[in-house]
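Ready to explore a new structure step by step? Below are some exercises, each with a worked solution to follow at your own pace.

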Amino acid sequence: MTTHITNIRMHAAFLAVAGILSLQACGGATAAPVKEAGEIPTQHVKAESQIDAGRYLVKIGGCNDCHTPGYVEGVMMTGMEMPDTEWLKGGDVGFSGPWGVSYPSNLRLSFQNMDEAQFIEMARKGQGRPPMPWPSLQAMSDADLSAIYAYIHALGAAGEPAPAALSPGVAPDRPHIAFVPQAPTAQAAK
Ligand code: HEC
């Protein structure tokens, strides 16, 4: 009886080891084990060029939603076409919350003022204000961050710098979007 249980255990252990080996053999495309927090991912997008990969990542990463003026109203609400030359110029409508007020940076200027290594370091630290999705950048591999850098850098400088962020408690002097949950009206709550 004891032997039988031991055999089952050994069999299970063998299957577990075989599973790990086959995952390693298959590489990143199959179900890879979940990364530990802080581990740098290795998955990356493949495209004809780094710039194409970067454009794809910017588009699916939703970077335009905040960093491109008129994107929400134009592209998302009316289906307007917007050429890449208009992308990522930053905005002067802030986002207010417990962090104060943050303004979506003009990435067309930011990426001319830093090199690739500085951008990757910034993305890994992810220490800026919300609602910038820093965890999304932190979850990208160096290869993907490098592609984003190549694309945005190649777009070149355009537009004006976004206003400086405000500390909590400082009243904004221009329109802003408040990240504050609203209570339902008495009628809707019925
Ligand atoms: C929900 C809105 C939002 C989205 C989506 C967003 N950002 Fe941001 N981003 C911001 C805001 C706001 C800031 C300014 C943060 C601050 O003040 O600390 C910022 C700052 C940055 C900065 C720092 C620039 C600098 O010069 O300091 C980088 C780089 C950046 N974003 C890249 C991206 C990329 C790449 C994407 C897409 C993957 C993206 N952002 C998507 C809102 C957004």
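Please keep in mind that this is a predicted model.

**Exercise 1. Which atoms of the ligand and protein meet in polar contacts?**

Task: find the polar partners that Arg129, Ser110 and His67 have in the ligand.

Solution.
- Step 1: Start with Arg129, where a backbone N or O atom lies 2.8 Å from an oxygen atom of the ligand.
- Step 2: Move to Ser110, whose side chain has an N or O atom 2.7 Å from an oxygen atom of the ligand.
- Step 3: Finish with His67, which has a polar side-chain atom 2.8 Å from a nitrogen atom of the ligand.
- Step 4: Now look at the surroundings: the ligand is surrounded by 22 residues, and the closest are Cys63, Cys66, His67, Ser110 and Met132.

**Exercise 2. Describe the site of the iron atom.**

Task: name the protein donors of the iron atom of the ligand, and work out the geometry of its site.

Solution.
- Step 1: Look for the protein donors; they are NE2 of His67 and SD of Met132, at 2.0 to 2.1 Å from the iron atom.
- Step 2: Place these two in the chain. His67 belongs to helix α3 (residues 63-67), while Met132 sits in the loop between α6 (116-125) and α7 (134-138), so that the pair links distant parts of the chain, 65 residues apart.
- Step 3: Turn to the angles, which run from 87 to 179° among the six donor atoms. Six donors count as octahedral if opposite donors are over 155 degrees apart and all others between 65 and 115. The site is octahedral.

**Exercise 3. Are the two protein donors buried or exposed?**

Task: classify His67 and Met132 by relative accessible area.

Solution.
- Step 1: Recall the cut-offs: buried means under 20%, exposed means over 50%, and partly exposed is in between.
- Step 2: His67 has a relative accessible area of 8%, so it is buried.
- Step 3: Met132 is at 24%, and therefore counts as partly exposed.
- Step 4: To see what His67 meets, set aside its neighbours within four places in sequence; the contacts are then Leu88, Lys89, Gly90, Pro104, Ser105, Leu107 and Met132.

**Exercise 4. Inspect two backbone features.**

Task: describe the peptide bond from Pro130 to Pro131 and the phi angle of Leu88.

Solution.
- Step 1: Begin with the background: most peptide bonds are trans, and most residues other than glycine have a negative phi.
- Step 2: Check the bond from Pro130 to Pro131, which is cis, with omega near -5°. Pro131 is in the loop between α6 and α7.
- Step 3: Check Leu88, which is not a glycine but has a positive phi of about 65°.
- Step 4: Locate Leu88 in the loop between α4 (71-78) and β1 (94-97). With a relative accessible area of 0%, Leu88 is buried.

**Exercise 5. Follow helix α6 to its partners.**

Task: find what Ile120 and Arg124 touch beyond four places in sequence.

Solution.
- Step 1: Take Ile120, in helix α6. Its relative accessible area is 13%, so Ile120 is buried.
- Step 2: List the residues that Ile120 touches, leaving out those up to four places away: Asp142, Leu145 and Ser146. The C-alpha atoms of Ile120 and Asp142 are separated by 6.9 Å, with the two residues 22 apart along the chain.
- Step 3: Go on to Arg124, also in helix α6. With residues up to four places away left out, Arg124 touches Ile40, Leu137, Gln138, Met140, Ser141, Asp142 and Leu145.
- Step 4: Pick Ile40 from that list; Ile40 lies in the loop between α1 (2-26) and α2 (50-60). Ile40 is partly exposed, at 41% relative accessible area.
- Step 5: Compare sequence and space for Ile40 and Ser141: they are 101 residues apart in sequence, and their C-alpha atoms are 6.1 Å apart.

**Exercise 6. Step back to the whole chain.**

Task: how many helices and strands does the chain have, and what share of its residues is buried?

Solution.
- Step 1: Count the elements: nine helices and three strands.
- Step 2: Read their order from the N terminus: α-α-α-α-β-β-α-α-α-α-β-α.
- Step 3: Of the 190 residues in the chain, 26% are buried.
- Step 4: Among contacts with a separation of 6 or more, 63% are between residues 24 or more positions apart.

Note on methods
Residues are numbered from 1 along each chain as its sequence is written. This is a predicted model: local features need pLDDT of at least 70, side-chain atom pairs count only at pLDDT 80 or more; totals for chains, interfaces and linings use all residues. Side-chain values use heavy atoms; hydrogens and water are left out. Donors are N, O and S atoms within 2.8 Å of the metal (3.2 Å for Na, K and Ca); water is not among the atoms, so sites may look incomplete. Four donors count as tetrahedral if all angles lie between 85 and 135 degrees; four count as square planar and six as octahedral if opposite donors are over 155 degrees apart and all others between 65 and 115; anything else is irregular. Helices (H or I, at least four residues) and strands (E, at least two) are DSSP runs, numbered from the N terminus. Buried means under 20% relative accessible area, exposed over 50%, partly exposed in between (1.4 Å probe, protein chains only). Contact means heavy atoms within 4.5 Å. A residue is near a molecule or strand if one of its heavy atoms lies within 4 Å of it. A polar contact is a pair of N or O atoms within 3.5 Å; within protein, one must be able to donate a hydrogen and the other to accept it, and residues adjacent in sequence count only if both atoms are side-chain atoms.
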